[in-house]
Amino acid sequence: MCCYCCSSLPFKECCEPFIKGDKKPNSAEQLMRSRFSAYATEQYQYIFDTYTNEKQQGMSVEDLAQSAQGATWFALNVHPSHDTSSTTSASGVDNNSATVEFTAYYFERKSMYQLHETSNFKVEDGRWRYHDGTLHDDCGKIKYGRNLPCVCGSNKKFKQCCATKAR
Ligand SMILES: [Zn+2]
Ligand SMILES: [Zn+2]
């Protein structure tokens, strides 16, 4: 089975080692993908642990689980970027922060939704963490043609692929 994050790799060679703590993501995109897979597999402790320290104040693993309830995350598209590193430092590149733009898809009560966000990531204690993000205007409920190629990039028709995960 391909990883939840829609890479072409199996879960155990992609996001699972990050979620289990066997490996550290070495880019903001890897962390972002692993957080998506953690949502898809309901590993809220990992979601919590990968927020910045500042954001962890005033949130709990239980809150995260609660707010995610009812949503089935099934596909992720990471948008191509030119240079994800910000250029604030004197050397030109600040390797301690990055942005990643993505669209994530989920079902809730059989309706399909998309979340289109540009997320800000920072390195803290030598690890990539999620800080916050900006939502784009096209977030919300969407209608997706059942005969169109699936949003997960499988090359199958939507109705024969991720549409079957609707619940
Ligand atoms: Zn993955
Ligand atoms: Zn699919």
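Reader: How do you know how far to trust this predicted model, and what is its mean pLDDT?
Author: The mean pLDDT of the chain is 91. pLDDT is the predictor's confidence in each residue, on a scale from 0 to 100. Of the residues, 92% reach 70 or more. One stretch falls short: over residues 86-93 the pLDDT is below 50. Beyond near neighbours in sequence, that stretch has eight contacts in the model.

Reader: What makes the radius of gyration agree with a compact globule?
Author: The globule rule is 2.2 Å times the number of residues to the power 0.38. For 167 residues that gives a value near 15 Å, and the chain has 16 Å, so the two agree. The C-alpha atoms fill a box of roughly 50 × 35 × 35 Å along the principal axes. Buried residues make up 25% of the chain.

Reader: Which elements does the chain have, and in what order do they run?
Author: There are five helices and six strands. From the N terminus on, the order is α-α-α-α-α-β-β-β-β-β-β. As for contacts between residues at least 6 apart in sequence, 46% join residues at least 24 apart.

Reader: What makes you call α2 mostly covered?
Author: A residue is buried if 20 or more other C-beta atoms lie within 10 Å of its own. In α2, 11 of the 13 residues are buried. Among them are Leu-31, Met-32, Phe-36 and Tyr-39. Arg-33 and Arg-35 are on the buried list too.

Reader: How do you know whether the span of α2 is close to the one expected?
Author: The expected span is 1.5 Å times one less than the number of residues. Helix α2 covers residues 28-40 and reaches 18 Å from its first C-alpha to its last, close to the 18 Å expected. Just after the helix comes Glu-42, with a positive phi near 60°.

Reader: Why is α5 said to lie largely in the open?
Author: The count decides. Helix α5 has eight residues, 61-68, and the number buried is zero, so the helix lies largely in the open. Gly-70 follows α5 and has a positive phi near 95°.

Reader: What makes a group of residues the largest nonpolar core here, and which have the most contacts inside it?
Author: Such a core is a set of buried nonpolar residues joined through C-beta atoms within 7 Å. The largest one has 34 residues, and Cys-5, Phe-36 and Ala-75 have the most contacts inside it. At least two residues each come from α1, α2, α3, β1, β3 and β4. The largest share, seven residues, is from α2. Leaving out residues up to four places away in sequence, Cys-5 touches Cys-14, Cys-15, Arg-33, Phe-36, Ser-37 and Leu-76.

Reader: Why is Cys-6 buried or exposed?
Author: The cut-off for buried is 20 or more C-beta neighbours. Cys-6 has 23 within 10 Å, so Cys-6 is buried. Cys-6 is in the segment before α1.

Reader: Why does Lys-110 count as buried or exposed?
Author: Exposed means 12 or fewer neighbours. Lys-110 has 8 inside 10 Å, so Lys-110 counts as exposed. Lys-110 is in the loop between β3 and β4.

Reader: What is the phi of Cys-6, and what is the phi of Lys-110?
Author: Most residues other than glycine have a negative phi. Cys-6 has a positive phi of about 70° and is not a glycine. Lys-110, also not a glycine, has a positive phi of about 70°.

Reader: What about Pro-149: why is it classed as it is?
Author: Partly exposed falls between 12 or fewer neighbours and 20 or more. Pro-149 has 13 within 10 Å, so Pro-149 is partly exposed. Pro-149 is found in the segment after β6. Beyond four places in sequence, Pro-149 is in contact with Asn-155 and Lys-157. Lys-159 is 10 residues away in sequence and 8.8 Å away in space, C-alpha to C-alpha.

Reader: How do you know that β4 and β5 pair, and in which sense?
Author: Pairing needs at least two bridges. Strands β4 and β5 share eight, in the antiparallel sense. Thr-118 stands opposite Thr-134, and Asn-120 opposite Asp-132. The hairpin has two residues between the strands, and Asp-125 there takes a positive phi near 50°.

Reader: How many bridges join β4 and β6?
Author: Three bridges, antiparallel. That passes the cut-off of at least two, so β4 and β6 pair. Met-112 stands opposite Ile-142 in β6.

Technical notes. Residues are numbered from 1 along each chain as its sequence is written. Chains are lettered from A and ligands numbered from 1 in the order in which they are written. This is a predicted model: local features need pLDDT of at least 70, side-chain atom pairs count only at pLDDT 80 or more; totals for chains, interfaces and linings use all residues. Helices (H or I, at least four residues) and strands (E, at least two) are DSSP runs, numbered from the N terminus. Two residues are in contact if their C-beta atoms, placed from the backbone, lie within 7 Å.
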